[in-house]
Amino acid sequence: MNHSSTMPGGASYDYDIIKMFTIASIVWAVVGMLAGIYIASELAWPALNLGIPEITFGRLRPIHTNSVIWGFGGNALIATSFYIVQRTCQTRLWGGKFLLTTLFWAWQSVVAVGAWAILAGHSQSREYAEYPLLVNIVMEIGLILYAIIYAMTLRRRSQPHIYVANWFYMAFILATAILHLFNNIQVPYSVWQSYSIFSGVQDAMTQWWYGHNLVGFVLTVGFLGMMYYFVPKQAGRPVYSYRLSIVHFWALSFLYMWVGGHHLEWTALPEWVNSLSVTFSVLLLLPSWGGMINGIMTLSGAWDKLRTDPVILFLVTALAFYGMATFEGPLLALRSVNALSHYTDWTIGHVHSGALGWVAMITFGSFYHMVPRLWGTRLYSTKLVFAHFWLATIGIVLYIVAMWVAGIGQGLMLRAFDQYGNLAYTFVETVAFLHIPYVVRMIGGVFFFSGFVLMIYNLYKTITAERTEEVAREQRIPLRVTSQHA
């Protein structure tokens with residue numbers, strides 16, 4: 001038996017379900033990224049709508065966001081969490097093949113049926129929550145099943161210690177289930193249509209309590225679980241400060257829940273809610289940068305690997321983008337800055353510096369580490385990983401710089417007045433200004449996707465390579481969970 005799939009007692013880990021979620025993550029990433037490139041092209045060249053309702057920006061955009069978040073991100077989080085919880089707890093997944101397979105197909109049906117429903121014009125019209133109520137009910141059942149499997153696996157661990165990555169994953173699972181439940185308290189009036197029990201400003205508050213916490217707990221806390229395992233594993237170093245990682249966990253878990261209101265500044269939202277949201281948004285900078293520093297300083301004594309190990313490059317660059325995005329978020333929450341940035345593409349640039357720079361890059365690095373161990377082979381090509389890294393990085397920089405230029409330019413033009421006190425620019429003039437940044441954004445997306453295609457090829461060759469005992473022995477490296485610095 002392959003040593004990389006066994007625990008100390010000789011029993012095997014359950015890797016088959018992890019392989020299924022990993023492959024599904026890659027498939028949905030292709031769908032989501034291609035949709036993203038097409039809608040970016042539509043914004044630059046509106047004629048690409050072709051007069052077909054199903055491929056207009058309004059329908060393809062939520063397919064892009066949901067396929068990336070729940071398809072690519074959701075499957076990646078489930079795959080890596082199942083990998084990490086088994087190896088750090090030294091036990092097999094709880095629930096058996098039937099429950100695990102049920103979770104897998106339930107999750108894929110949510111993303112597939114949800115995409116079809118949006119394409120057909122059935123949408124709740126809520127940011128990151130466009131899926132119809134029927135689909136959301138299945139997702140809630142899936143989240144509850146996921147939470148039970150994960151918690152029961154932790155409960156029967158053979159190690160007394162629960163490694164910190166598992167704390168982050170469990171917080172992501174529980175918070176997402178709660179958020180999803182309350183944001184989808186709906187009254188159905190047909191199979192695919194429903195309306196919220198909340199109305200007006202309360203509905204907006206509920207939506208952005210959900211919307212920002214989805215960013216906070218799915219796209220941040222969940223992927224930090226990834227970071228706290230794969231960075232020390234790939235670097236061959238202990239976590240720089242285990243104590244700091246616990247502070248990081250509790251501070252994020254408390255602070256994130258309060259900040260959703262900063263999406264509704266300069267609206268009918270009560271002043272005290274705005275002030276509370278901005279205060280907690282600024283406070284979030286402290287634990288966020290503490291976690292970033294903790295991850296980067298884990299490389300202490302192993303900085304030379306940045307020259308030779310492209311997987312480390314992915315992981316460390318992801319941490320750098322995490323630091324940048326979590327600085328930009330509190331900045332945009334400040335009312336004076338928000339007055340300029342609100343309703344502009346600066347927000348889109350901010351979201352994608354986190355989504356592409358942090359979420360995607362940490363996932364790519366994790367997959368490059370995990371996939372050879374799942375299939376018991378050696379990574380096919382390090383050179384292709386380097387090529388992927390530079391294509392992805394160039395793509396991200398082109399994308400976010402284009403959106404910064406577009407957003408700040410938009411904001412300044414919309415706020416400009418002439419000598420008579422009239423608006424200096426018409427709305428159409430601001431749209432014309434956006435053409436070049438939109439073209440550059442699309443080019444950045446093509447660069448990023450091209451690197452991802454190289455990754456797919458590299459991982460395909462890795463998976464289909466011959467397994468060897470030498471590689472299996474090399475890959476059996478225990479994780480050190482304590483820290484000399486803590």
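**Notebook: helix α2 and the salt bridges**

I began with helix α2, residues 57-89: at 1.5 Å a residue, its 33 residues should span 48 Å, and I found its end C-alpha atoms 45 Å apart, which agrees. I note that the model is a predicted one.

I then looked up the course of the helix. I recorded a kink of about 30° in α2, centred on Ser67. After α2 comes Gln90, and I noted that its phi is positive, near 50°.

I next asked how many residues of α2 are buried. I found 28 of the 33, so the helix is largely enclosed by the rest of the structure.

I chose Asn75 as one residue of α2 to inspect. Its relative accessibility is 0%, so I entered Asn75 as buried. Leaving aside residues up to four places away in sequence, I listed what Asn75 touches: Phe21, Ala24, Ser25, Trp28, Trp70, Trp107 and Gln108.

I turned to the salt bridges, of which I counted five. I looked at three pairs, as follows.

I took up Asp14 and Arg92, which form a salt bridge with their closest N and O atoms 3.8 Å apart. Asp14 belongs to the segment before α1 (16-44) and Arg92 to the loop between α2 and α3 (96-119), so I read the pair as tying together parts that are 78 residues apart in sequence. I entered Asp14 as buried, because its relative accessibility is 12%. Arg92, at 33%, I entered as partly exposed.

I went on to Glu127 and Arg61, whose side chains meet in a salt bridge at 3.0 Å, N to O. I noted that this pair links distant parts of the chain, 66 residues apart: Glu127 is in the loop between α3 and α4 (133-155), and Arg61 is in helix α2. With a relative accessible area of 22%, Glu127 is partly exposed; I kept in mind that buried means under 20%.

I then examined Glu271 and Arg335, where the side chains meet in a salt bridge at 3.6 Å, N to O. I located Glu271 in helix α8 (residues 271-283) and Arg335 in helix α12 (residues 335-341), 64 residues apart, so placed that the pair links distant parts of the chain. I recorded Glu271 as partly exposed, with a relative accessible area of 48%. Arg335 is also partly exposed, at 25%.

I closed with the confidence of the prediction. The mean pLDDT of the protein chain is 92, and I noted that 94% of its residues reach 70 or more. Over residues 477-486 I found that pLDDT stays under 50; the model has 25 contacts for this stretch beyond four places in sequence.

Conventions
Residues are numbered from 1 along each chain as its sequence is written. This is a predicted model: local features need pLDDT of at least 70, side-chain atom pairs count only at pLDDT 80 or more; totals for chains, interfaces and linings use all residues. Side-chain values use heavy atoms; hydrogens and water are left out. Helices (H or I, at least four residues) and strands (E, at least two) are DSSP runs, numbered from the N terminus. The expected span of a helix is 1.5 Å times one less than its number of residues. The bend at a residue is the angle between axes fitted to the seven residues ending there and the seven starting there. Buried means under 20% relative accessible area, exposed over 50%, partly exposed in between (1.4 Å probe, protein chains only). Contact means heavy atoms within 4.5 Å. pLDDT is the predictor's confidence in each residue, from 0 to 100. A salt bridge is a side-chain nitrogen of Lys or Arg within 4 Å of a carboxyl oxygen of Asp or Glu.
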